[in-house]
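Here are some comments on the model you sent, set out as numbered points. Please read them with the structure open beside you.

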Amino acid sequence: MRLESRKYLHDVQQAAGLIARFTAGKSLENYSGDPMLRAAVERQFEIVGEALAQLDRLDPATAGRISDCRRIVAFRNILIHGYADVDDRLVWDIVQSKVTSLTTEVAAMLGKD
């Protein structure tokens, strides 16, 4: 794996880890009621999506090994360009259902190469 690809994967791993840390012990109600928490989580999702977009441009084969890579990039675009319409329930669902598996997947990729 290329060094630049590893850097982007490391960025994904770090941002996903921060999302998990920021949301640990929180509920949807906590998330919805805390603008600083929402901003922090959304920013980390933006980093994840941008890192994967850059990875896909640089190394499509490696990016293709990430489940839902294109959907993650599309979610980043929604956060950036459709910020006024972001649904807290959707973001929270992704936090709860996708972040752990993404972190595990990226850690495995970084550990193999």
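1. Reading along the sequence, one finds that the protein chain follows the pattern α-α-α-α-α-α-α, and the tally for the chain is accordingly seven helices and zero strands. Please keep in mind throughout that this is a predicted model, and that the values in this note were computed from it.

2. On overall dimensions, the C-alpha atoms of the protein chain fill a box of roughly 40 × 30 × 20 Å when this is taken along the principal axes. A compact globule with 113 residues would have a radius of gyration near 13 Å, and the 14 Å of the protein chain agrees with that.

3. Two further values describe the chain as a whole. Buried residues make up 38% of the 113 residues, and, among the contacts with a separation of 6 or more, 72% are accounted for by residues 24 or more positions apart in the chain.

4. Turning to the interior, the largest nonpolar core has 17 residues, of which Leu 9, Val 12, Val 48, Leu 52, Ile 66, Leu 102 and Val 106 touch the most other members. The elements that give two or more residues to this core are α1, α3, α5 and α7, and α3 gives the most, with five residues.

5. Ile 66 deserves a separate look in the viewer. Leaving aside residues up to four places away in sequence, Ile 66 touches Leu 9, Leu 52, Ile 72, Leu 102, Glu 105, Val 106 and Met 109, and of these partners Leu 9, Leu 52, Leu 102 and Val 106 are also named among the core residues that touch the most other members.

6. Which residues lie closest to the centre of the largest pocket? This pocket has a volume of about 420 Å³, and of the 20 residues that line it, the closest to its centre are Asp 68, Arg 71, Ile 72, Ile 94 and Lys 98. Two or more lining residues come from each of α1 (3-23), α3 (35-58), α5 (69-81), α6 (88-97) and α7 (99-112), while the largest share, five residues, comes from α5.

7. How many nonpolar, polar and charged residues does the lining of the largest pocket have? By class, there are 12 nonpolar, three polar and five charged residues in this lining. Ile 72, one of the residues closest to the pocket's centre, is also one of the residues that Ile 66 touches, and following this pair in the viewer is a good way to connect the last three points.

Notes
Residues are numbered from 1 along each chain as its sequence is written. This is a predicted model: local features need pLDDT of at least 70, side-chain atom pairs count only at pLDDT 80 or more; totals for chains, interfaces and linings use all residues. Side-chain values use heavy atoms; hydrogens and water are left out. On a 1 Å grid over the protein atoms alone, a cavity is a set of points where a 1.4 Å probe fits but cannot get out, and a pocket is an open set with protein on both sides within 12 Å along at least five of seven lines; lining residues have an atom within 4 Å of a point. Grid points are joined across faces, edges and corners, and a volume is the space filled by probe spheres set on the points. Helices (H or I, at least four residues) and strands (E, at least two) are DSSP runs, numbered from the N terminus. Ala, Val, Leu, Ile, Met, Phe, Trp, Tyr, Cys and Pro count as nonpolar, Asp, Glu, Lys and Arg as charged, and the others, Gly among them, as polar. A nonpolar core is a set of buried Ala, Val, Leu, Ile, Met, Phe, Trp, Tyr and Cys residues joined through side-chain atoms within 4.5 Å. Buried means under 20% relative accessible area, exposed over 50%, partly exposed in between (1.4 Å probe, protein chains only). Contact means heavy atoms within 4.5 Å. The radius of gyration is taken over C-alpha atoms; the globule rule is 2.2 Å times the number of residues to the power 0.38.
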